[in-house]
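Please look through the structure below before reading on. The paragraphs after it go through selected parts of the model.

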Amino acid sequence: MAALDSVEFGEVELEEAVARAVSRTRSPLHAGAAAWVQHACLSYLKASAELERELKGIELRPERSPRVVQGTSPVEHRILTTWGRWYVSADGTVREFRRVRISRHSEAEAPSTLAAAFVVAAGRRAAGKVYRDLPIELFPEDSPAERIRVVEVLLGSDASPGVLIDAPPDEIERAYRERARPVAIDLVAGGSQLPGRDCGECKLRPGCGGLPRAPGLLGVSGRGTHPRTWSVTTGRLYELCPAQAHFQDLRLLGRRDGDNPAIRRGVAVHEWLRVAHGRPSAKACSLDDLPDPDSGDIGLADDLMTVAEYRSVRPFLLGHLQVCPLDDPALVTGVRPEPMMAVRDPDADVVVVAEPDLIRRVDGQVVYREQKTASRPLEVSGAEALRRFPQLALAVCLVAAGVFESTTVAEDTTIGGLVELEVMTPVSAAVLTFDASDPEVLATAREIVAGYAREWHRDTEFRATPGDWCAVCPAARWCPDKASTGGRTLVVDGMVIDVETGEVLEVRGTPSNRAAALAAEVSEPDAGHDDAFSY
Ligand code: SF4
Ligand SMILES: [Zn+2]
């Protein structure tokens, strides 16, 4: 924002504006992050030119002051504002707010979008510091607005800017009061604690009763240089290239361009399973849930995917019927599809996040299931499976640490429970099971997790290690260290991977962490790649 301010208000050339902004950061910026700033500003200015063309003759000028809606009562002051860039036409009748995102547009109907539009329509320009002054002084308004626009600019994608809202103020105020205000009231009222990715940046985390503790979970020594957040995705990216893991931590990666068939298939199957296992009845999946795609009824899939997508994933889901976790003669309780987990390892000062595909209790014992699709059965078992899929190793450590128990577990106590890997292919499905209370399984799992976390935990430089994997790195469009790549297949440490389909074609010997990391990056949805600007 500082660099764009210099360009839009100071008439400074972009390169100089970026150099100034980068030199003023509190700590030296990673060279790749500095390159991202330049790339992001260029993307923004390109989008601005596109928006100008689209507005045909209406010239918008930037405004320095954000708008706020301020409310006061005898007991409190409150303000509503939104973060982004502000524009207005010369006669004041057109107001535009531009929100930035990395790679995905938000929904026009989302309460946050309506709230932003309401601030543009009903707000006045702040004369003081928005996040400091309360109440805040406001500039008088020159003329009433007639047209309100909320536009979104993607900084990490070639997609055009998205006009989310373009409407008169009264229409916006009505929509805000009906659909967004109730959400805002709930937010202000607060609620119960819901641990997740944001815990890593929350100042209350050391003493928060809602965030489970698992001392020694990562198996690293010391507390590192600062509080950090770690997931298996962090570990895998670090294995490929420490710089890429750093960019993920800064939430700059966004989404890869163009998903391959393996990723699209995985997303559709996971969506279907999440809905099927989330039914209030907790009933097992059955053939009735998977009608013939030619019948004109695609059942649960109707809201989730096209008929063509359903046709392609139905064989995998038919395989799932043989191993549905809810189809069990034992007592199945506490079914939670895709819960977000956050756990604090106080020894390492790290918040560890994980997204199991399904948690359930079977006769009271916790069972953690991961689900995968593959074009053919995976011929792995035991320690090799834990190494190839490190999320299973982390799952074993989480179960053994007792983070799924409702009562506090004493340190150094190992809790029983199972971890499962379900692999669905077009012709069959199979489940591999790991017992978290088995000392050998637990020792292997701990060694794998520590192997992924150790170097990362003490790294402060995050040097780039370019290689063939740059071909699938979301940072490649701006990373200054990117290797030149080409070819459809990647061969890394004995593993042969088809980049276009996302399939592992061949595994020679035990794959290295790096090969396993690349296979996962190519074939798994990038759920862990958050957007720096989403809220
Ligand atoms: S493009 Fe290559 S060098 Fe750059 S961050 Fe990605 S993997 Fe690392
Ligand atoms: Zn099922």
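What follows covers a metal site, a helix pair and a loop residue.

This is a predicted model, in which local features need pLDDT of at least 70, side-chain atom pairs count only at pLDDT 80 or more, and totals for chains, interfaces and linings use all residues. Residues are numbered from 1 along each chain as its sequence is written, chains are lettered from A and ligands numbered from 1 in the order in which they are written, and side-chain values use heavy atoms, with hydrogens and water left out.

The zinc ion (ligand 2) has as protein donors His 277 (NE2), Cys 285 (SG), His 320 (NE2) and Cys 324 (SG), at 2.1 to 2.3 Å. Donors are N, O and S atoms within 2.8 Å of the metal (3.2 Å for Na, K and Ca). The angles between the four donor atoms are 101 to 114°, so the arrangement is tetrahedral, a term for four donors with all angles between 85 and 135 degrees. The spacing of the donor residues in sequence is H-x7-C-x34-H-x3-C. Because His 277 lies in helix H8 (residues 261-277) and His 320 in helix H9 (residues 307-321), the pair ties together parts that are 43 residues apart in sequence. Helices are DSSP runs (H or I, at least four residues) and strands likewise (E, at least two), numbered from the N terminus. Both His 277 and His 320 are buried, that is, under 20% relative accessible area (1.4 Å probe, protein chains only).

Asp 349 sits in the loop between strand E11 (341-345) and strand E12 (350-354). Asp 349 counts as buried because its relative accessibility is 10%. Leaving aside neighbours within four places in sequence, Asp 349 is in contact (heavy atoms within 4.5 Å) with Arg 205, Arg 223, His 226, Pro 227, Arg 228 and Arg 344.

Contact also joins helix H1 (residues 2-10) and helix H2 (residues 14-23), whose axes (lines fitted to C-alpha atoms, over the stretch in contact, with angles from 0 to 180 degrees between N-to-C directions) come within 8 Å and cross at roughly 145°. Ala 2, Ala 3, Ser 6 and Val 7 of H1 meet Leu 14, Ala 17, Val 18 and Ala 21 of H2.

Conventions. Tetrahedral: all angles 85-135°; square planar, octahedral: opposite > 155°, others 65-115°. Buried < 20%, exposed > 50% of the residue type's maximum accessible area, 1.4 Å probe, protein only.
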